[in-house]
Amino acid sequence: MTGLVDKTRLVDKTLLVGFEEPDPPEWFRRAAPGLGGVVLYGQNLRVDTDAARLASVLHQDSDVVLAVDEEGGDVTRVHYRNGSPVPGNYVLGAADDEGLTGAVATRIGVGLRAAGIGWNLAPDVDVNSAPENPVIGVRSFGADPDTVSRHAATWVLAMENTGVAACAKHFPGHGDTRSDSHYGLPVVDCDEAEWRRVHLPPFVAAIDVGVRSIMTAHVVVPALDDQPATMSRRMLTDILRGELGYQGVIVTDALDMGAIKNGVGLGAGAVAALRAGADALCLGAIGGEGLYQEVRSAVLAAVDDGALPLRRLEEAAERVEALLTWVRNAPPPQPGPAGRAAAGAGGLAAAAPGAASPDAFDPGMEAARRAARVFGDPVVSGPPVIVELRATPNLAVGEAYWDLAAPLAERGLAPRAVHRLTDATSLSEVLTAVEGQPLVVVGRDVPRHPWQQKAWHVLSGRCPDAVLVELGLPCPDVLTTGQRVFVGGAGRPNLQVAAELLSGDRHRP
């Protein structure tokens, strides 16, 4: 019996488990003390203070470490319902000021630490070399390996200086894909020389500054291996461990994503990932108890029948425990320019979120202003009609919150009306409603959605002074007509900068 208990304990230590309810269900509270970590998702966080509340609840039973995806910008969990108070990586890379990047990462880390969260599954260090990439886009620092590498290292170092473990993702690179691993298995079609030149350097930079964890990508790079990277011994053991000398935790992307679950299957994928060299197995929120039990049973069975060596499981659990020990013993955030900037900007809002005070320097707003691109004259003549073009969000972002009406209202331009389109079927009705009014059209990755391109073409043709506010990856070579504002993300600073530009109040805080 002792051997079974020990093996079960080792398996649990490799698991990062989620739940879908607003409050931890009983099964989860029982399991949490032995887990490698608890992952909080948007489903769990209805208001900004929920992260701290859930940490308090879970820490009543143990010192379990909580993890989130808090990239800033489009991908936020703590601020899932009202948008991130900091911009994401595209803005930071476009501004190309490492001081701002460090200050933004520090602000995130300070807020997470105050909320009781010790492991941030960020930053995204993919080089977004495919503009049509459906899942990375503005989550990347850019398409240039040097820019991404510099900002990745800065972000990681600033985050870990707050006592929160960072996670460079998605190894070996998800930036040159044209499909979404949440639904299927993407293929990175480049040769090994290109992969080493373009996609590898940011991970090397993160390792060089001591990143505590690296997340795998559910992608296949045929030039390197025919197995998905998450299950590739060559990628995880030979290259990441052997060639690059990485000693931290290798954590998988969520194993219930389509690339794994709809391929080899959840349990087999978990075992294969551990065999390949992964240490921590990340699981999603939906059906959390079932995912936990299935993976747990599969790994235990693999150890029992010899398919997974016990020593490999022990090694994985030891690495995870070392990371958790670092988190638990990390000193408070160190004072410095980045820390003072974060504090002055109101932190990430662990307990009582708020905008920066009027006199505070806000590094995120500064970066968002520098990154914005304008074509034509975007200033509106009065309170506009807003037409929102909303596609189904990708699963990494979730039910993306964004709102331009509120920041416009703060500048005396409260919209006359807001119309939301999810396809082009009601476009004719909207055309009647906007006739003769100042018009602002807001979309996210408009070039990737033919119906959105059609809507913009029709609306700008009817209203020549219409302004398009594009929240996704800027593609001015595709969207070539009309007044256009590209703000590179859907975080609150991005929308505030758009409102500044539309109001003609460019530098007003």
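**Exercise 1.** Determine whether Asp-96 is buried, partly exposed or exposed, and describe its backbone.

Solution. Asp-96 is partly exposed, since its relative accessible area is 39%, where buried means under 20%, exposed over 50% and partly exposed in between, with a 1.4 Å probe and protein chains only. The model is predicted, so that local features need pLDDT of at least 70 and side-chain atom pairs pLDDT 80 or more, while totals for chains, interfaces and linings use all residues. Residues are numbered from 1 along each chain as its sequence is written, and side-chain values use heavy atoms, without hydrogens and water. Next, locate Asp-96 in the loop between α4 (89-95) and α5 (98-115), helices being DSSP runs of H or I with at least four residues and strands runs of E with at least two, numbered from the N terminus. Finally, its phi is near 55°, a positive value in a residue other than glycine.

**Exercise 2.** Characterise Asp-445 in the same steps.

Solution. Asp-445 lies in the loop between β12 and α18 (450-462), and its phi is about 60°, positive although the residue is not a glycine. With a relative accessible area of 17%, Asp-445 is buried.

**Exercise 3.** Find the strand order of the open sheet of 6 strands, then examine one pair.

Solution. The order is β9-β14-β13-β12-β10-β11, with mixed pairing, two strands being paired if DSSP finds at least two bridges between them. At the edges stand β9 (373-375) and β11 (417-421), each pairing on one side only. Within the sheet, β10 (385-389) and β12 (439-443) are parallel over 5 bridges, and Ile-386 has Val-440 in β12 as its bridge partner.
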